[in-house]
Amino acid sequence: MKIVDLRSDTITLPTEEMRQAMYEAGLGDDVFGEDPTVNRLEKLAAQMMGKEAALFTPSGTMSNLIAVLTHTRPGNEILLGSEAHMFWYEVGGASTLGGVVMRTVPNDQDGTLNPGAVEQAIRPKNIHHPQTTLLCLENTHNRCGGTVLTLDYTSAIVGLAHQNGLQVHLDGARIFNAAVALDVPVSELASPVDSVCFCISKSLSAPVGSLLCGNQEFMEKARKWRKMLGGGMRQAGVIAAAGIVALQKMVNRLAEDHATAQRLASGLAQVPGVTIQPREVQTNIVIFESPATIPGAEFVQRLDAQGVRLLPRGRRRVRAVTHRMVGAADIDEALSRIKLLVKELG
Ligand code: TLP
């Protein structure tokens with residue numbers, strides 16, 4: 001039985017071209033700044049994001065943590081969405097290692113934060129309060145179902161944060177999906193924020209890594225934090241080479257993943273008992289509710305036995321992510337197995 005793995009776009013394997021580039025990569029010691037391939041990747045990333053400099057890190061989690069460590073001091077407070085990846089899935093690193101208070105503002109369903117709610121959460125100067133110094137955004141928004149933050153929204157919320165003396169970091173793990181969905185250059189979406197990170201290891205199919213981008217001074221400090229966290233990677237050109245191919249060759253094809261996500265969402269909408277609004281699916285993440293007769297986690301487990309892999313995301317919520325390694329035929333196969341299971345459940 002062929003497995004249709006829709007757990008995450010992180011499962012994508014490097015392409016042949018990436019493997020070749022990895023084999024041929026020019027190498028050096030990146031902690032000395034001497035790996036030519038890492039240097040090329042960082043330069044390319046900074047250029048594409050429209051920022052002065054970039055830093056190659058092992059993961060999105062480390063990039064986000066470094067951003068917090070660089071923007072804040074222990075005892076500060078940071079604002080982030082109640083559904084933010086940084087709040088849910090990064091092991092509380094910002095608080096544990098950065099010593100900052102994480103204060104959440106409710107995420108609307110579309111991944112935005114209400115500007116009024118953000119403004120209210122910014123603390124006035126007072127001896128009793130931690131100082132609010134950083135706002136974190138996420139584009140696309142993972143737990144909100146791959147939703148996209150537009151340039152207008154980003155500019156407005158960043159403007160508000162800046163007026164109140166806050167810096168803004170954007171967790172753009174999937175920002176290329178947002179740029180493709182909106183059909184705008186990615187640098188536009190990143191232009192209002194002070195720092196942005198993105199992952200090459202998700203839909204872009206590289207095996208490892210993330211890039212944090214910002215101005216020169218910020219990135220110099222960030223580089224030191226990366227070293228402290230043990231993220232100095234020596235001959236990292238081996239993996240950076242795949243990242244260069246990812247940025248040059250894999251961005252435009254993301255539209256295909258968005259199309260397969262739409263195909264999946266429309267198919268799911270036809271399954272009795274499954275709840276989904278296909279119109280709300282904007283990129284490659286599809287969130288739906290399993291039939292009322294079965295909790296999401298059990299539904300996922302039963303489907304796994306039928307060779308369809310998904311992730312449970314709450315009581316009845318289930319997540320599917322489309323990517324380069326699943327085509328339209330795989331989606332149709334997954335849908336027919338899902339229909340069969342739902343029929344069995346009665
Ligand atoms: N997300 C992963 C898992 O954590 C669930 C996924 O499969 O979606 N920001 C966002 C918005 C992310 O979605 C992720 C990964 C990260 C940061 C962290 O990246 P990594 O896994 O490289 O540390």
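Q: At 35% relative accessibility, what does Asp 332 count as?
A: In this predicted model, the relative accessibility of Asp 332 is 35%. Buried would need a value under 20% and exposed one over 50%. With 35% lying in between, Asp 332 therefore counts as partly exposed.

Q: With which side chain does Asp 332 meet in a salt bridge?
A: The N to O distance of this pair is 2.8 Å, and a salt bridge needs the two atoms within 4 Å. The pair links distant parts of the chain, with Asp 332 in helix α14 and its partner in helix α12, 69 residues apart. That partner is partly exposed, with a relative accessible area of 40%. The side chain is that of Arg 263.

Q: Arg 223 and Glu 42 meet in a salt bridge; what is the N to O distance?
A: Here helix α10, which holds Arg 223, is linked to helix α2, which holds Glu 42, across 181 residues. Glu 42 counts as buried because its relative accessibility is 7%, while Arg 223 counts as partly exposed at 31%. Their side chains meet at an N to O distance of 3.0 Å.

Q: Lys 51 is buried yet has no salt bridge; how far away is the nearest side chain of opposite charge?
A: Lys 51 sits in the loop between α2 and β2. A salt bridge needs a nitrogen-oxygen pair within 4 Å, and the candidate, Asp 194, lies beyond that cut-off. The distance from Lys 51 to Asp 194 is 6.9 Å.

Q: Which residue's backbone oxygen does the side chain of Lys 51 reach?
A: The residues that Lys 51 touches include Ala 46, Ala 190, Cys 213 and Gly 214. Its side chain comes to 2.7 Å from a backbone oxygen, and a polar contact needs the atoms within 3.5 Å. That oxygen belongs to Val 193.

Q: How many of the 13 residues of α11 are buried?
A: Helix α11 runs over residues 237-249 and reaches 18 Å, close to the span expected at 1.5 Å a residue. Its buried residues, among them Ile 239, Ile 244, Val 245 and Leu 247, pack against α1, α2, β2, α8 and β7. The helix is mostly covered, and its buried count is 10.

Q: What radius of gyration does the protein have, with its 346 residues?
A: The C-alpha atoms fill a box of roughly 60 × 55 × 35 Å along the principal axes, and buried residues make up 55% of the chain. A compact globule of 346 residues would have a value near 20 Å, and the protein agrees with this, at 20 Å.

Key
Residues are numbered from 1 along each chain as its sequence is written. This is a predicted model: local features need pLDDT of at least 70, side-chain atom pairs count only at pLDDT 80 or more; totals for chains, interfaces and linings use all residues. Side-chain values use heavy atoms; hydrogens and water are left out. Helices (H or I, at least four residues) and strands (E, at least two) are DSSP runs, numbered from the N terminus. Buried means under 20% relative accessible area, exposed over 50%, partly exposed in between (1.4 Å probe, protein chains only). Lys and Arg count as positive and Asp and Glu as negative; His and the chain ends are not counted. A polar contact is a pair of N or O atoms within 3.5 Å; within protein, one must be able to donate a hydrogen and the other to accept it, and residues adjacent in sequence count only if both atoms are side-chain atoms. Contact means heavy atoms within 4.5 Å. The expected span of a helix is 1.5 Å times one less than its number of residues. The radius of gyration is taken over C-alpha atoms; the globule rule is 2.2 Å times the number of residues to the power 0.38. Lists of a residue's contacts leave out its neighbours within four places in sequence.
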